[in-house]
Amino acid sequence: MPASVARALKKLQDNDELHPASMAALRSLVADIEEACAWKRLLGLINMRDYSAHDAAAKLGDDGFSRAVRASVLERAERLRLIDDARFGEVFIRSKINAGWGRERIQRELERKGVPAASVPGWPDEFFSDELDYERAYAIASRKVLNGKNDFQKLMRLLASKGYAPALAHRVAHDILEAAHASAISRSNCDDYVE
């Protein structure tokens, strides 16, 4: 039994308001209290941030609410559009793009949260383009401090961990190392003139 349900029952008992006529009436009362407590908990969760239905159900499950109560409360929240997986998916995608995540990592994490990426309107065309993916990957990789030892592998690992496709990571790593090499040659030529 969830702690919030036990507290509500205890409060009724302390106020001498708990007088079920039968065991069936007690079960019905407990079910009503559990549903009310689950609803209150869900509202508290979604007031802090948006949740996918899967994540909200997991949170309610962690609190001890039964599967039937979770399903009922989530169905009500979805009907009222308080929980909307498509909206959640769009917000999640945009926030992770801003955090520098690549398409593959975003898709993996969305699916882990119970939202298939294909169910988000506009996926992937509205959120990604080859040019923007390249620019984001290049910006992330160009901040990596390189020391000349396994630089290509370091850049590839960094971009793979962010969820960029291997072909894109390869192209970006190659371009960054080529630019670093050209910059080193340019500095070397400048040094010749200084002497």
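This briefing describes helix packing, salt bridges, selected residue environments and backbone geometry in one structure. The model is predicted. The structure holds 11 salt bridges, and one of the helix pairs, α1 with α2, packs at an angle of about 125 degrees. Backbone features include a cis peptide bond between Trp123 and Pro124 and a positive phi at Asp16 and at Asn150.

**Packing of α1 against α2**

- Helix α1 spans residues 3-14 and helix α2 spans residues 23-48; their axes lie 9 Å apart, at an angle of about 125 degrees.
- The two helices are therefore oblique to each other, since an angle of about 125 degrees falls outside the ranges for roughly parallel (under 35), roughly perpendicular (65 to 115) and roughly antiparallel (over 145).
- The crossing of α1 past α2 is right-handed.
- On the α1 side, the contact is made by Ser4, Val5, Ala8, Leu9 and Leu12; on the α2 side, Leu29, Val30, Ile33, Glu34 and Cys37 take part.
- Sorted by class, this contact comprises eight nonpolar residues, one polar residue and one charged residue.
- The charged residue is Glu34 of α2 and the polar residue is Ser4 of α1.

**Salt bridges between separate elements**

- Asp50 and Arg87 form a salt bridge through their side chains, with an N to O distance of 3.3 Å.
- Asp50 belongs to the loop between α2 and α3 (53-62), whereas Arg87 belongs to helix α5 (residues 85-98), so this pair ties together parts that are 37 residues apart in sequence.
- Both partners count as partly exposed: Asp50 has a relative accessible area of 21%, and Arg87 has a relative accessibility of 30%.
- A salt bridge also joins the side chains of Asp133 and Arg103, at 3.0 Å from N to O.
- Because Asp133 is located in helix α7 (residues 130-142) and Arg103 in helix α6 (residues 103-112), the pair ties together parts that are 30 residues apart in sequence.
- The partners fall into separate accessibility classes: Asp133 is buried at 7% relative accessibility, while Arg103 is partly exposed at 29%.

**Salt bridge within α4, and a network**

- Arg79 and Glu75 meet in a salt bridge between their side chains, with an N to O distance of 2.8 Å.
- Arg79 and Glu75 are four residues apart in helix α4 (residues 67-79), which means that about one helical turn separates them.
- Arg79 is exposed, at 54% relative accessibility, and Glu75 is partly exposed, with a relative accessible area of 41%.
- Glu90, Arg94 and Glu126 are linked in a network of salt bridges.

**Environments of Trp39 and His174**

- Trp39 lies in helix α2 and counts as buried, at 12% relative accessibility.
- Neighbours within four places in sequence aside, Trp39 is in contact with Val73, Arg76, Ala77, Leu80 and Leu82.
- Trp39 and Val69 are 30 residues apart along the chain, and 9.1 Å separates their C-alpha atoms.
- His174 is located in helix α9 (residues 166-194) and is partly exposed, with 41% relative accessibility.
- Between His174 and Asp151 the C-alpha to C-alpha distance is 9.9 Å, for a separation of 23 residues in sequence.

**Backbone geometry**

- Most residues other than glycine have a negative phi, and most peptide bonds are trans.
- Trp123 and Pro124 are joined by a cis peptide bond, for which omega is about -10 degrees.
- Pro124 is part of the loop between α6 and α7.
- Asp16, although not a glycine, has a positive phi of about 55 degrees.
- Asp16 sits in the loop between α1 and α2 and is exposed, with a relative accessible area of 55%.
- Asn150 is likewise not a glycine and has a positive phi of about 60 degrees.
- Asn150 occupies a place in the loop between α7 and α8 (151-161) and is partly exposed, with a relative accessible area of 46%.

Conventions. Residues are numbered from 1 along each chain as its sequence is written. This is a predicted model: local features need pLDDT of at least 70, side-chain atom pairs count only at pLDDT 80 or more; totals for chains, interfaces and linings use all residues. Side-chain values use heavy atoms; hydrogens and water are left out. Axes are lines fitted to C-alpha atoms, for helices over the stretch in contact, and angles run from 0 to 180 degrees between N-to-C directions. A crossing is left-handed if the near helix is turned anticlockwise from the far one by less than a right angle, and right-handed if clockwise. Contact means heavy atoms within 4.5 Å. A salt bridge is a side-chain nitrogen of Lys or Arg within 4 Å of a carboxyl oxygen of Asp or Glu. Buried means under 20% relative accessible area, exposed over 50%, partly exposed in between (1.4 Å probe, protein chains only).
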